[in-house]
Amino acid sequence: NQGNTISNNAGDGFRALAANGGMIDGNLLNNTITDNGGNGAAFLIDNGGFIDFGTLPNRRIEGNTITGNGGAGILLNQQVAADNEAQLDATVLGNTISANTGGGIVSNLFGPNNAPPFPPAIVDNNRLNLTIGGTAAGAANTINGNSDVGIGVNVSGNGQAVVDIINTSVTGTVDGPDPVWNGDGLGLRRSGSSLLLATVTD
């Protein structure tokens, strides 16, 4: 998906849904995604699956303008059961993400806890590898004027998230309708038996 204008749609501007063990690999490059009723770009895993928009150099989310959408600018949602697994890889480079009602970049990992009597069959069955920004020319993201949260990662159940935020500007976030967030620039939350490893650098 490259160089398109995607605007004024009732749902998400762009949606990638991997369900029931499905797999999606790809890029989202140099698009203008504005004024959609849902999220600007949604990457969704339901009941296990695999999405790779993050293995460089060929898979990435880069150079997009994502603004004025009714949901998040970029939403990453993962849902697993105890007997399946999910992995989402995303590298977000050089995007402008602004004035989205549901946040700038928002990630949620949902699934069962690693605890008796029914722990997941795979110990780390819900995995996120998320890189936002970089040090190369043009890799910095600008995330401005979104509601709820600029960058928010919410890990629960048995989720395992590794998040690197590099050389990214997050400004002007305001409190919105989601009670999880309070107008935070950068929000990190974990619960249950989850693991969240985050690095924030310039």
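**Exercise 1. Find the residue of E19 that is the bridge partner of Val155, then follow the pairing outward.**

Step 1. Look across from Val155: its bridge partner in E19 is Arg190. Strands here are DSSP runs of at least two residues (E), and helices are runs of at least four (H or I), both numbered from the N terminus.

Step 2. Widen the view to both strands. E16 and E19 pair in the parallel sense, with six bridges; strands count as paired if DSSP finds at least two bridges between them.

Step 3. Now turn to strand E13 (residues 105-110), which pairs with E16 over five bridges, also in the parallel sense. Here Val106 has Gly152 of E16 as its bridge partner.

Step 4. Check the cover on E16 (residues 149-155). Seven of its seven residues are buried, so the strand is largely enclosed by the rest of the structure. Buried means under 20% relative accessible area, exposed means over 50%, and partly exposed lies in between (1.4 Å probe, protein chains only).

A note before going on: this is a predicted model, where local features need pLDDT of at least 70 and side-chain atom pairs count only at pLDDT 80 or more, while totals for chains, interfaces and linings use all residues. Residues are numbered from 1 along each chain as its sequence is written, and side-chain values use heavy atoms, leaving out hydrogens and water.

**Exercise 2. Place Ile122 and list what it touches.**

Step 1. Ile122 sits in the loop between E13 and strand E14 (126-132).

Step 2. Its relative accessible area is 31%, which makes Ile122 partly exposed.

Step 3. Leaving aside residues up to four places away in sequence, Ile122 touches Glu85 and Asn158; contact means heavy atoms within 4.5 Å.

Step 4. For a distance check, take Gly71, 51 residues from Ile122 along the chain: their C-alpha atoms are 32 Å apart.

**Exercise 3. Describe the protein as a whole.**

Step 1. Count the elements: the protein has 20 strands and zero helices.

Step 2. Compare the radius of gyration, 16 Å, with the 17 Å that the globule rule gives for 202 residues; the two are close, so the protein is as compact as a globular protein of that length. The radius is taken over C-alpha atoms, and the rule is 2.2 Å times the number of residues to the power 0.38.

Step 3. Add the extents: the C-alpha trace spans about 45 × 35 × 30 Å along its principal axes.

Step 4. Finish with burial and contacts. Of the 202 residues, 47% count as buried, and residues 24 or more positions apart account for 85% of the contacts with a separation of 6 or more.
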